[in-house]
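Visitor: Hi, could you walk me through this one? I'm new to reading structures.
Guide: Of course, let us bring it up and begin.

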Amino acid sequence: MPQRRLVHHPILALITRPRREAAPLAAALAARGVEAVVEPLLDIHQFGGPPLDLGGVQALLCTSANGVRALAGRTAERNLPLLAVGDATAHRARNEGFSCVDSAAGAIDDLVRLVGRRLRPDAGRLLHVAGSAVAGDLSASLIPSGFSVDRTVLYEARPISRLSDTTAAALADGAIDIAMFYSPRTAAIFARLVDIADLADAMSCVTAISISAAADAALAALHFRERQVALRPDQPSLLAVLDRVLDEQRCPA
């Protein structure tokens, strides 16, 4: 079993997000004196095709930044209201030029409530831009309120088949202090790849920080040093947990 070093500079954190999303997180870690090890567990593949038919659509619903990017590539329309599940998705939409963006600042249930406050069922259909795998059923949650929701799949997030040699070696050596998880799917992929690489024992050196209880639950089979969960499903809350963990690791009792 790897042994934790008593003096460990810098602290290393494993980022499991797709590479585009990993960059701003790595910058936030660097500002805290933490070195990032980026290991995207999902490869994002956008689907090509003709421009989307947005006739009769009153609003766009986006549940990921990758969905926003795929949407921006399939339509020149930028003035329809776009309701985003969280602030990061909303930020990406504004960067892509969408002019009427609102954030639910949370999870799927928060987006459902935002739709109920901002939109009317009789004003037109809603278009949910999604990947081939989604967490939660947005349509099923909105249909009882009278909304018509079409889900269009514009990208696929494909899981990697194995951990990179660099990440596997860092885990085996006990060099990774923290691992950060942004979705139940990526947490489940990580757990499977750790098992394949026979690295389960190495998790005793790692603190897992998850953005939600569902993501944390996907890690239950692994025996981490500890597991922490953000109070809200957003990056500021996850970074708040990280700050607390860093304080504890840098100033042990």
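Guide: Before anything else, please keep in mind that this is a predicted model. If we take the contacts in the protein chain between residues at least 6 apart in sequence, 62% of them join residues at least 24 apart.

Visitor: OK, and how many helices and strands are there in the chain?
Guide: The protein chain has 9 helices and 11 strands. Its radius of gyration is 20 Å, close to the 18 Å that the globule rule gives for 253 residues, so the chain is as compact as a globular protein of that length.

Visitor: What does the C-alpha trace span along its principal axes?
Guide: The C-alpha trace spans about 60 × 35 × 30 Å along those axes.

Visitor: And what share of the residues is buried?
Guide: Buried residues account for 51% of the 253 in the protein chain, while the area that the chain exposes comes to about 11800 Å², with carbon and sulfur atoms supplying 52% of it.

Visitor: Switching topic, how many positive and negative side chains are there?
Guide: There are 26 positive and 27 negative side chains, and the centres of these two sets lie 4 Å apart.

Visitor: Let's pick one residue. Where is Leu242, and is it buried or exposed?
Guide: Leu242 sits in helix α9, which covers residues 235–250. Its relative accessible area is 0%, and because buried means under 20%, Leu242 counts as buried.

Visitor: Which residues is Leu242 in contact with?
Guide: Leaving aside neighbours within four places in sequence, Leu242 is in contact with Leu29, Arg32, Ile178, Met180 and Ile209. As for Ala179, that residue is 63 residues from Leu242 in sequence, and their C-alpha atoms are 10.0 Å apart in space.

How values were computed:
Residues numbered from 1 in each chain as written. Predicted model: local features only at pLDDT ≥ 70, side-chain atom pairs only at ≥ 80, totals over all residues. Heavy atoms only, no water. Helix = DSSP H or I, 4+ residues; strand = E, 2+ residues; numbered from the N terminus. Rg over C-alpha atoms; globule rule 2.2 N^0.38 Å. Buried < 20%, exposed > 50% of the residue type's maximum accessible area, 1.4 Å probe, protein only. Contact = heavy atoms within 4.5 Å. Areas by Shrake-Rupley, 256 points an atom, 1.4 Å probe, with all protein chains shown as cover. Lys, Arg positive; Asp, Glu negative; His and termini not counted. Charge placed at Lys NZ, Arg CZ, Asp CG, Glu CD.
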